[in-house]
Amino acid sequence: MRVLVTGSAGMLARDLVPCLLQRDHEVIAPPESGLDITNLVTVMTALDDIRPEIIINCAAYTDVDGAEKEERKACLINGLAVQNLCLACQVPDIPLVHFSTDYVFDGEKQGAYSIFDHTNPINAYGRSKLLGEKYVIWLLRKFYLVRTSWLFGLHGRNFVDTMLGLGRKQKQVSVVNDQRGCPTWTQHLAGAVAGLIETGRYGVYNVTNSGPATWYDFAVEIFRQAGMDMEVRPVTTGEYPTPARRPANSVLDPFPANEVLGTSMPSWELALEECLSIKKEKP
Ligand SMILES: NC(=O)c1ccc[n+]([C@@H]2O[C@H](COP(=O)([O-])OP(=O)(O)OC[C@H]3O[C@@H](n4cnc5c(N)ncnc54)[C@H](OP(=O)(O)O)[C@@H]3O)[C@@H](O)[C@H]2O)c1
(Lines give C-alpha, C1' and ligand atoms only; values in the text may rest on other atoms or scores of the structure.)
Protein backbone atom coordinates (compact mmCIF):
# COMPACT_ATOMS: atom_id res chain seq x y z
CA MET A 1 0.00 0.00 0.00
CA ARG A 2 1.05 3.60 -0.52
CA VAL A 3 1.12 4.93 3.05
CA LEU A 4 1.38 8.53 4.22
CA VAL A 5 2.81 8.77 7.76
CA THR A 6 2.48 12.06 9.65
CA GLY A 7 4.59 13.10 12.63
CA SER A 8 7.58 11.30 11.10
CA ALA A 9 10.16 12.34 13.71
CA GLY A 10 8.13 11.03 16.66
CA MET A 11 8.98 7.98 18.76
CA LEU A 12 6.35 5.70 17.23
CA ALA A 13 6.72 6.93 13.63
CA ARG A 14 10.44 6.21 13.67
CA ASP A 15 9.71 2.53 14.37
CA LEU A 16 6.62 2.35 12.20
CA VAL A 17 8.21 3.58 8.97
CA PRO A 18 10.92 0.86 8.79
CA CYS A 19 8.37 -1.75 9.82
CA LEU A 20 6.05 -0.76 6.94
CA LEU A 21 8.95 -0.70 4.47
CA GLN A 22 9.99 -4.17 5.60
CA ARG A 23 6.48 -5.38 4.74
CA ASP A 24 6.81 -3.93 1.23
CA HIS A 25 4.59 -0.93 1.71
CA GLU A 26 5.51 2.28 -0.06
CA VAL A 27 5.97 4.93 2.62
CA ILE A 28 5.91 8.70 2.33
CA ALA A 29 6.79 10.35 5.64
CA PRO A 30 7.37 14.08 5.21
CA PRO A 31 9.12 16.02 7.96
CA GLU A 32 6.76 17.76 10.43
CA SER A 33 7.78 21.14 8.97
CA GLY A 34 6.56 19.99 5.55
CA LEU A 35 3.26 18.57 6.76
CA ASP A 36 1.77 20.56 9.62
CA ILE A 37 -1.47 18.70 10.25
CA THR A 38 -3.08 21.73 11.92
CA ASN A 39 -3.19 23.43 8.50
CA LEU A 40 -6.10 22.11 6.41
CA VAL A 41 -4.77 23.55 3.14
CA THR A 42 -1.36 21.92 3.73
CA VAL A 43 -3.04 18.60 4.49
CA MET A 44 -5.32 18.75 1.43
CA THR A 45 -2.42 19.73 -0.85
CA ALA A 46 -0.27 16.89 0.51
CA LEU A 47 -3.08 14.43 -0.19
CA ASP A 48 -3.43 15.73 -3.74
CA ASP A 49 0.30 15.46 -4.37
CA ILE A 50 0.99 12.16 -2.64
CA ARG A 51 -2.27 10.31 -3.36
CA PRO A 52 -1.82 7.78 -0.54
CA GLU A 53 -4.03 4.72 -0.12
CA ILE A 54 -4.01 5.14 3.66
CA ILE A 55 -2.87 7.75 6.19
CA ILE A 56 -1.26 6.81 9.49
CA ASN A 57 -1.32 9.72 11.89
CA CYS A 58 1.61 9.61 14.30
CA ALA A 59 1.61 13.38 14.83
CA ALA A 60 0.44 14.47 18.26
CA TYR A 61 0.89 16.76 21.21
CA THR A 62 2.13 14.28 23.84
CA ASP A 63 3.29 16.40 26.78
CA VAL A 64 0.76 15.23 29.38
CA ASP A 65 1.77 17.76 32.04
CA GLY A 66 2.33 20.56 29.53
CA ALA A 67 -1.22 20.14 28.23
CA GLU A 68 -2.58 21.39 31.57
CA LYS A 69 -1.24 24.84 30.68
CA GLU A 70 -1.66 24.52 26.90
CA GLU A 71 -4.98 22.77 26.53
CA ARG A 72 -5.93 24.79 23.44
CA LYS A 73 -2.69 23.86 21.69
CA ALA A 74 -3.19 20.21 22.66
CA CYS A 75 -6.78 20.31 21.33
CA LEU A 76 -5.61 21.95 18.12
CA ILE A 77 -3.05 19.19 17.39
CA ASN A 78 -4.82 16.20 18.95
CA GLY A 79 -8.36 17.29 18.04
CA LEU A 80 -8.91 19.81 15.25
CA ALA A 81 -5.92 18.62 13.21
CA VAL A 82 -7.41 15.13 13.29
CA GLN A 83 -10.58 16.67 11.84
CA ASN A 84 -8.36 17.98 9.00
CA LEU A 85 -7.03 14.49 8.34
CA CYS A 86 -10.55 13.04 8.40
CA LEU A 87 -11.77 15.63 5.88
CA ALA A 88 -8.79 14.84 3.67
CA CYS A 89 -9.56 11.09 3.86
CA GLN A 90 -13.23 11.62 2.99
CA VAL A 91 -12.67 12.84 -0.57
CA PRO A 92 -10.66 9.89 -1.93
CA ASP A 93 -12.44 7.60 0.61
CA ILE A 94 -9.22 6.24 2.11
CA PRO A 95 -8.80 4.91 5.67
CA LEU A 96 -7.11 6.74 8.54
CA VAL A 97 -5.10 5.08 11.29
CA HIS A 98 -5.20 7.26 14.36
CA PHE A 99 -3.59 6.64 17.75
CA SER A 100 -5.27 7.40 21.01
CA THR A 101 -4.50 6.77 24.63
CA ASP A 102 -5.46 4.95 27.83
CA TYR A 103 -5.75 8.46 29.33
CA VAL A 104 -9.22 8.86 27.78
CA PHE A 105 -10.38 6.80 30.80
CA ASP A 106 -10.77 8.04 34.38
CA GLY A 107 -9.07 5.04 35.99
CA GLU A 108 -11.93 4.23 38.37
CA LYS A 109 -12.66 0.80 36.85
CA GLN A 110 -11.28 -2.21 38.70
CA GLY A 111 -10.56 -4.41 35.66
CA ALA A 112 -9.12 -3.74 32.22
CA TYR A 113 -10.82 -1.12 30.01
CA SER A 114 -12.50 -2.61 26.96
CA ILE A 115 -13.45 -0.84 23.72
CA PHE A 116 -17.04 -0.74 25.08
CA ASP A 117 -16.19 1.29 28.20
CA HIS A 118 -17.19 4.90 28.61
CA THR A 119 -14.47 7.48 28.25
CA ASN A 120 -14.09 10.15 30.92
CA PRO A 121 -10.67 11.81 30.77
CA ILE A 122 -9.36 13.44 33.95
CA ASN A 123 -6.65 15.58 32.36
CA ALA A 124 -6.29 18.05 29.49
CA TYR A 125 -4.21 15.68 27.34
CA GLY A 126 -6.90 12.99 27.68
CA ARG A 127 -9.62 15.49 26.72
CA SER A 128 -7.65 16.58 23.65
CA LYS A 129 -7.12 12.97 22.57
CA LEU A 130 -10.80 12.21 23.11
CA LEU A 131 -11.69 15.08 20.78
CA GLY A 132 -9.51 13.46 18.10
CA GLU A 133 -11.23 10.10 18.66
CA LYS A 134 -14.63 11.75 18.27
CA TYR A 135 -13.76 13.37 14.95
CA VAL A 136 -12.56 10.03 13.62
CA ILE A 137 -15.77 8.29 14.69
CA TRP A 138 -18.05 11.16 13.62
CA LEU A 139 -16.51 11.75 10.21
CA LEU A 140 -15.11 8.49 8.88
CA ARG A 141 -16.42 5.12 7.80
CA LYS A 142 -12.98 3.60 7.27
CA PHE A 143 -10.68 3.96 10.26
CA TYR A 144 -8.49 2.09 12.68
CA LEU A 145 -8.63 3.91 16.00
CA VAL A 146 -5.79 2.40 18.02
CA ARG A 147 -5.61 3.09 21.74
CA THR A 148 -2.26 2.35 23.29
CA SER A 149 -0.39 3.18 26.49
CA TRP A 150 2.87 3.87 28.28
CA LEU A 151 5.04 3.82 25.13
CA PHE A 152 8.77 3.22 25.24
CA GLY A 153 11.14 2.90 22.33
CA LEU A 154 14.53 3.56 20.87
CA HIS A 155 13.80 7.14 19.84
CA GLY A 156 12.35 9.97 21.86
CA ARG A 157 11.79 10.77 25.51
CA ASN A 158 10.33 7.89 27.49
CA PHE A 159 10.27 6.26 30.93
CA VAL A 160 12.92 3.62 30.12
CA ASP A 161 15.48 6.24 29.10
CA THR A 162 14.60 8.40 32.11
CA MET A 163 15.19 5.46 34.48
CA LEU A 164 18.45 4.42 32.74
CA GLY A 165 19.63 8.04 32.97
CA LEU A 166 18.85 8.14 36.70
CA GLY A 167 20.56 4.77 37.16
CA ARG A 168 23.79 6.27 35.86
CA LYS A 169 23.60 9.22 38.26
CA GLN A 170 22.17 7.97 41.56
CA LYS A 171 21.62 4.92 43.73
CA GLN A 172 18.03 5.49 44.87
CA VAL A 173 14.81 6.57 43.16
CA SER A 174 11.18 6.92 44.26
CA VAL A 175 8.59 5.69 41.77
CA VAL A 176 4.79 5.79 41.87
CA ASN A 177 3.24 2.45 42.75
CA ASP A 178 -0.49 3.22 42.59
CA GLN A 179 -0.93 3.83 38.86
CA ARG A 180 -1.39 0.68 36.80
CA GLY A 181 -1.13 0.39 33.03
CA CYS A 182 0.43 -1.58 30.17
CA PRO A 183 3.95 -0.59 29.12
CA THR A 184 4.23 -0.93 25.35
CA TRP A 185 7.23 -1.12 23.04
CA THR A 186 6.84 0.99 19.91
CA GLN A 187 8.34 -1.75 17.72
CA HIS A 188 5.71 -4.26 18.83
CA LEU A 189 2.98 -1.65 18.39
CA ALA A 190 4.31 -0.85 14.91
CA GLY A 191 4.21 -4.53 13.95
CA ALA A 192 0.63 -4.88 15.19
CA VAL A 193 -0.50 -1.77 13.30
CA ALA A 194 1.20 -2.92 10.11
CA GLY A 195 -0.69 -6.20 10.51
CA LEU A 196 -3.97 -4.45 11.24
CA ILE A 197 -3.97 -2.27 8.11
CA GLU A 198 -3.54 -5.38 5.98
CA THR A 199 -6.78 -6.86 7.35
CA GLY A 200 -9.21 -4.15 6.16
CA ARG A 201 -11.13 -4.74 9.43
CA TYR A 202 -11.82 -1.18 10.51
CA GLY A 203 -12.75 -0.28 14.07
CA VAL A 204 -11.54 0.62 17.54
CA TYR A 205 -8.64 -1.41 18.92
CA ASN A 206 -6.69 -1.53 22.16
CA VAL A 207 -3.09 -2.44 21.34
CA THR A 208 -0.50 -2.75 24.12
CA ASN A 209 2.08 -5.25 25.28
CA SER A 210 0.52 -7.87 27.57
CA GLY A 211 0.36 -7.70 31.31
CA PRO A 212 -0.24 -4.93 33.79
CA ALA A 213 2.40 -3.05 35.75
CA THR A 214 2.73 -0.04 37.99
CA TRP A 215 5.43 2.52 37.23
CA TYR A 216 7.25 1.05 40.23
CA ASP A 217 7.08 -2.51 38.79
CA PHE A 218 8.28 -1.16 35.47
CA ALA A 219 11.21 0.70 37.04
CA VAL A 220 12.30 -2.32 39.13
CA GLU A 221 12.31 -4.48 35.98
CA ILE A 222 14.25 -1.89 33.96
CA PHE A 223 17.03 -1.76 36.56
CA ARG A 224 17.03 -5.56 36.95
CA GLN A 225 17.31 -6.17 33.21
CA ALA A 226 19.91 -3.42 32.79
CA GLY A 227 21.99 -4.92 35.62
CA MET A 228 21.93 -1.63 37.54
CA ASP A 229 22.19 -1.57 41.29
CA MET A 230 19.37 0.79 42.25
CA GLU A 231 17.12 1.02 45.29
CA VAL A 232 13.59 1.69 44.01
CA ARG A 233 11.26 3.12 46.66
CA PRO A 234 7.50 2.71 46.00
CA VAL A 235 5.55 5.94 46.60
CA THR A 236 1.94 7.04 46.17
CA THR A 237 0.68 9.50 43.58
CA GLY A 238 0.07 11.87 46.49
CA GLU A 239 3.76 11.78 47.36
CA TYR A 240 4.73 12.55 43.73
CA PRO A 241 2.43 15.36 42.58
CA THR A 242 2.40 16.28 38.88
CA PRO A 243 0.50 19.08 37.08
CA ALA A 244 -1.76 16.52 35.32
CA ARG A 245 -3.81 13.94 37.21
CA ARG A 246 -3.35 10.43 35.87
CA PRO A 247 -5.77 7.49 36.00
CA ALA A 248 -5.03 4.98 38.77
CA ASN A 249 -5.89 2.11 36.44
CA SER A 250 -5.59 2.33 32.67
CA VAL A 251 -4.95 -1.29 31.74
CA LEU A 252 -6.45 -1.96 28.30
CA ASP A 253 -8.26 -5.17 27.33
CA PRO A 254 -6.85 -6.45 24.01
CA PHE A 255 -10.22 -7.64 22.60
CA PRO A 256 -10.68 -7.66 19.60
CA ALA A 257 -7.12 -6.84 18.46
CA ASN A 258 -5.82 -10.30 19.35
CA GLU A 259 -8.67 -12.01 17.50
CA VAL A 260 -8.29 -9.86 14.39
CA LEU A 261 -4.49 -10.18 14.31
CA GLY A 262 -4.62 -13.89 15.19
CA THR A 263 -1.96 -13.47 17.85
CA SER A 264 -1.46 -11.83 21.21
CA MET A 265 1.12 -9.19 21.98
CA PRO A 266 4.27 -10.29 23.87
CA SER A 267 4.54 -9.45 27.56
CA TRP A 268 5.93 -6.03 28.44
CA GLU A 269 8.86 -7.74 30.21
CA LEU A 270 9.87 -9.50 26.99
CA ALA A 271 9.37 -6.28 25.04
CA LEU A 272 11.68 -4.48 27.46
CA GLU A 273 14.29 -7.22 27.10
CA GLU A 274 14.28 -6.89 23.30
CA CYS A 275 14.35 -3.10 23.46
CA LEU A 276 17.25 -3.03 25.94
CA SER A 277 19.26 -5.52 23.91
CA ILE A 278 18.99 -3.24 20.84
CA LYS A 279 19.83 -0.18 22.98
CA LYS A 280 23.01 -1.95 24.15
CA GLU A 281 24.07 -2.54 20.55
CA LYS A 282 23.28 1.05 19.52
CA PRO A 283 23.70 3.21 22.64
N1 LIG B 1 4.06 8.26 24.32
C2 LIG B 1 3.15 7.56 24.98
O3 LIG B 1 3.39 7.06 26.09
C4 LIG B 1 1.77 7.38 24.40
C5 LIG B 1 0.81 6.69 25.15
C6 LIG B 1 -0.46 6.51 24.59
C7 LIG B 1 -0.75 6.98 23.34
N8 LIG B 1 0.20 7.66 22.64
C9 LIG B 1 -0.15 8.18 21.30
O10 LIG B 1 0.67 7.53 20.34
C11 LIG B 1 0.95 8.43 19.26
C12 LIG B 1 2.45 8.51 19.01
O13 LIG B 1 3.08 9.01 20.19
P14 LIG B 1 4.64 9.28 20.28
O15 LIG B 1 5.05 8.96 21.67
O16 LIG B 1 5.35 8.67 19.13
O17 LIG B 1 4.64 10.88 20.13
P18 LIG B 1 5.88 11.85 19.90
O19 LIG B 1 7.17 11.14 20.04
O20 LIG B 1 5.61 13.06 20.75
O21 LIG B 1 5.70 12.23 18.37
C22 LIG B 1 4.71 13.09 17.91
C23 LIG B 1 5.28 13.82 16.72
O24 LIG B 1 4.26 14.70 16.20
C25 LIG B 1 4.89 15.91 15.85
N26 LIG B 1 3.91 16.99 15.73
C27 LIG B 1 3.44 17.80 16.70
N28 LIG B 1 2.60 18.69 16.18
C29 LIG B 1 2.54 18.44 14.85
C30 LIG B 1 1.84 19.04 13.76
N31 LIG B 1 1.03 20.09 13.95
N32 LIG B 1 2.00 18.54 12.51
C33 LIG B 1 2.85 17.49 12.30
N34 LIG B 1 3.53 16.89 13.29
C35 LIG B 1 3.38 17.36 14.55
C36 LIG B 1 5.88 16.13 16.95
O37 LIG B 1 6.84 17.09 16.57
P38 LIG B 1 7.50 18.02 17.71
O39 LIG B 1 8.20 17.10 18.64
O40 LIG B 1 8.38 18.91 16.90
O41 LIG B 1 6.34 18.72 18.36
C42 LIG B 1 6.47 14.73 17.11
O43 LIG B 1 7.55 14.50 16.22
C44 LIG B 1 0.29 9.75 19.65
O45 LIG B 1 -0.99 9.83 19.05
C46 LIG B 1 0.14 9.65 21.15
O47 LIG B 1 -0.92 10.46 21.63
C48 LIG B 1 1.46 7.87 23.13
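**Exercises: odd backbones and a ligand shell**

At 35% relative accessibility, Asp93 counts as partly exposed, since that label covers everything between buried (under 20% relative accessible area) and exposed (over 50%), with a 1.4 Å probe and protein chains only. Keep in mind that the model is predicted, so local features need pLDDT of at least 70 and side-chain atom pairs 80 or more, while totals for chains, interfaces and linings use all residues. Residues are numbered from 1 along each chain as its sequence is written, and side-chain values use heavy atoms, leaving out hydrogens and water.

**Exercise 1.** Find where Asp93 sits, work out the sign of its phi, then look at Leu140 across from it.

*Solution.* Start with the chain: Asp93 is in the loop between α4 (71-90) and β4; helices here are DSSP runs of H or I with at least four residues, strands are runs of E with at least two, and both are numbered from the N terminus. Next, the backbone: phi of Asp93 is positive, about 60 degrees, although the residue is not a glycine. Most residues other than glycine have a negative phi. Now jump to Leu140, in the loop between α5 and β5 (143-148). Its C-alpha is 8.7 Å from that of Asp93, with their positions 47 residues apart in sequence. Leu140 is buried because its relative accessible area is 11%.

**Exercise 2.** Describe the backbone of Asp24 and say whether the residue is buried or exposed.

*Solution.* First, phi of Asp24 is near 70 degrees, again a positive value in a residue other than glycine. Then place it: Asp24 belongs to the loop between α1 and β2 (26-28). Finally, with a relative accessible area of 70%, Asp24 is exposed.

**Exercise 3.** Examine the loop between β12 (231-235) and α9 (257-261), starting from Ala244 and ending at Pro256.

*Solution.* Ala244 lies in this loop, and a relative accessible area of 1% makes it buried. Step over to Ile122: the C-alpha atoms of Ala244 and Ile122 are 8.3 Å apart, though 122 residues separate the two in sequence. Further along, Pro256 is in this loop too. The bond joining Phe255 and Pro256 is a cis peptide, with omega about 5 degrees. Most peptide bonds are trans.

**Exercise 4.** Say where Ser114 sits and how far its C-alpha is from that of Val251.

*Solution.* Ser114 is in the loop between β4 and α5. Its relative accessibility of 12% counts as buried. Ser114 and Val251 are 137 residues apart in sequence, yet their C-alpha atoms are 9.0 Å apart in space.

**Exercise 5.** Build up a picture of the ligand's surroundings, from the shell down to the polar atoms.

*Solution.* Step one, the shell: 24 residues surround the ligand, the closest being Leu12, Glu32, Thr62, Tyr125 and Lys129 (a residue is near if one of its heavy atoms lies within 4 Å). Step two, the elements: α1 (11-22), β4 (96-101) and α5 (124-139) each supply at least two shell residues, and β4 gives the most, three. Step three, polar contacts, meaning pairs of N or O atoms within 3.5 Å. A polar side-chain atom of Thr62 is 2.6 Å from a ligand oxygen. Polar backbone atoms join in as well: one of Met11 is 2.9 Å from a ligand oxygen, and one of Ile37 is 3.1 Å from a ligand nitrogen. Step four, cover: taken alone the ligand exposes 900 Å², and the protein buries 75% of that (Shrake-Rupley areas, 1.4 Å probe).

Methods:
Polar contact = N/O pair within 3.5 Å; in protein donor to acceptor, adjacent residues only side chain to side chain.
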